[in-house]
Amino acid sequence: MENIQIHETAVIDPGCQIGEGTRIWHFSHIMPECVIGKNCNLGQNVVVSPGVILGNNVKVQNNVSIYTGVICEDDVFLGPGCVFTNITNPRSAIPRKEQYKKTILRKGATIGANATILCGNTIGTYALIGAGSVVTKDIPPYALVMGNPARQTGWVSQYGHTLLFDENSQATCPESGERYMLTAGNVIRLDED
């Protein structure tokens, strides 16, 4: 594994794929049949279960367990202690591995510290989930959600700034200058490459 930094206390099982430039820190466990992209950073005490897919440039902060069924596209950020589930009705005495549900985090999505993402949901492109939130349904692209259960409170830019829409339903990110439009209850970026 060339150009990959793995702390000596991390456990890397055979059969996983780890992309170039990725760093894995203290006491993390990378299980077989998972795929980790290029230039990812996995903090202390992270578990990546079999079948999990992490795209390129995914940042996983400390104390996160990413269970089978989770797919993170490129540039996803997982805050410290965030939680994923993969069964809707788990029972210790009843095996349900064949019932794992898929959870998808689209490009650039951010999950705040200690947030919980219930299985079977999709987090939209560049959506921002506030710290401590409990996500129980799909979240649209660029949505800002918070609370338990998580409710949408606004929209954010790709840079994570709140978007304030004018009378023409347009907004500009204060950091990047990128322009956005709110149309039919969805946000689109106007000046995409």
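Strands here (E, at least two residues) and helices (H or I, at least four) are DSSP runs, numbered from the N terminus. The model is predicted, so local features are reported only at pLDDT of at least 70 and side-chain atom pairs only at pLDDT 80 or more, whereas totals for chains, interfaces and linings use all residues. Residues are numbered from 1 along each chain as its sequence is written, and side-chain values use heavy atoms, with hydrogens and water left out.

**The whole chain**

Begin with the full protein chain, which has 0 helices and 25 strands. Its radius of gyration, taken over C-alpha atoms, is 17 Å, close to the 16 Å that the globule rule gives for 193 residues, so the chain is as compact as a globular protein of that length; the rule is 2.2 Å times the number of residues to the power 0.38. Along the principal axes, the C-alpha trace spans about 55 × 40 × 25 Å. Of the 193 residues, 39% count as buried, where buried means under 20% relative accessible area, exposed means over 50%, and partly exposed lies in between (1.4 Å probe, protein chains only).

**The parallel sheet**

Next, select strands E3, E6, E9, E12, E15 and E18, which in that order form an open sheet of 6 strands with parallel pairing; two strands pair if DSSP finds at least two bridges between them. The edges are E3 (17–18) and E18 (122–123), each of which pairs on one side only. At the E3 edge, 2 bridges join E3 to E6 (residues 35–36) in the parallel sense, and Gln17 has Val35 in E6 as its bridge partner.

**Two turns with positive phi**

Just before E6, select Glu33 in the loop between E5 and E6; although Glu33 is not a glycine, its phi is positive, at about 65°, and the residue is exposed, with a relative accessible area of 61%. Then move to Asp75, in the loop between E12 and strand E13 (77–78), where phi is near 65°, again a positive value in a residue other than glycine. Asp75 counts as partly exposed, at 29% relative accessibility.

**Ser28 and its polar contacts**

Select Ser28 in the loop between strand E4 (23–24) and strand E5 (29–30). Ser28 is buried, with a relative accessible area of 1%. A polar atom of its side chain lies 3.4 Å from the backbone oxygen of Trp25, and a polar atom of the Ser28 side chain lies 3.1 Å from the backbone nitrogen of Val46. Not counting residues up to four places away in sequence, Ser28 touches Thr9, Ala10, Val11, Gly43, Gln44, Asn45 and Val46, a contact being heavy atoms within 4.5 Å.

**Cysteines**

Colour the cysteines and look for bonds: the structure holds 0 disulfides, a disulfide being a pair of cysteine sulfur atoms within 2.5 Å. For Cys34, the nearest cysteine sulfur, that of Cys16, is 4.9 Å away, and Cys34 is buried at 1% relative accessibility. The sulfur of Cys40 is 9.1 Å from the closest cysteine sulfur, in Cys72, which is too far for a bond; Cys40 is also buried, at 1% relative accessibility.

**The nonpolar core**

In soluble globular proteins, nonpolar side chains tend to be buried together. Here the largest nonpolar core has 45 residues, of which Leu42, Val48, Leu54, Ile66, Leu78 and Ile123 touch the most other members; such a core is a set of buried Ala, Val, Leu, Ile, Met, Phe, Trp, Tyr and Cys residues joined through side-chain atoms within 4.5 Å. Strands E12 (70–72) and E21 (143–146) each supply at least two residues of this core. Centre on Leu78, whose contacts, leaving aside neighbours within four places in sequence, include Val64, Ile66, Cys72, Phe84, Leu105 and Ile111.

From there, go to Ile129 in strand E19 (residues 128–129), which is buried with a relative accessible area of 1%. Beyond its neighbours within four places in sequence, Ile129 is in contact with residues including Ile111, Ile117, Ile123, Val135, Ile139 and Val145.

**Towards the C-terminal hairpin**

Stop at Pro149, in the loop between E21 and strand E22 (151–155), where the peptide bond from Asn148 to Pro149 is cis, with omega near -5°. Finally, select strands E24 (residues 179–183) and E25, which run antiparallel and are joined by 4 bridges; Met181 has Ile188 in E25 as its bridge partner. This hairpin has 2 residues between its strands, and Ala184 takes a positive phi near 55°. In E25 (residues 186–189), Val187 and Arg189 make up the covered face, and Asn186 and Ile188 the uncovered one.

Conventions: Polar contact = N/O pair within 3.5 Å; in protein donor to acceptor, adjacent residues only side chain to side chain.
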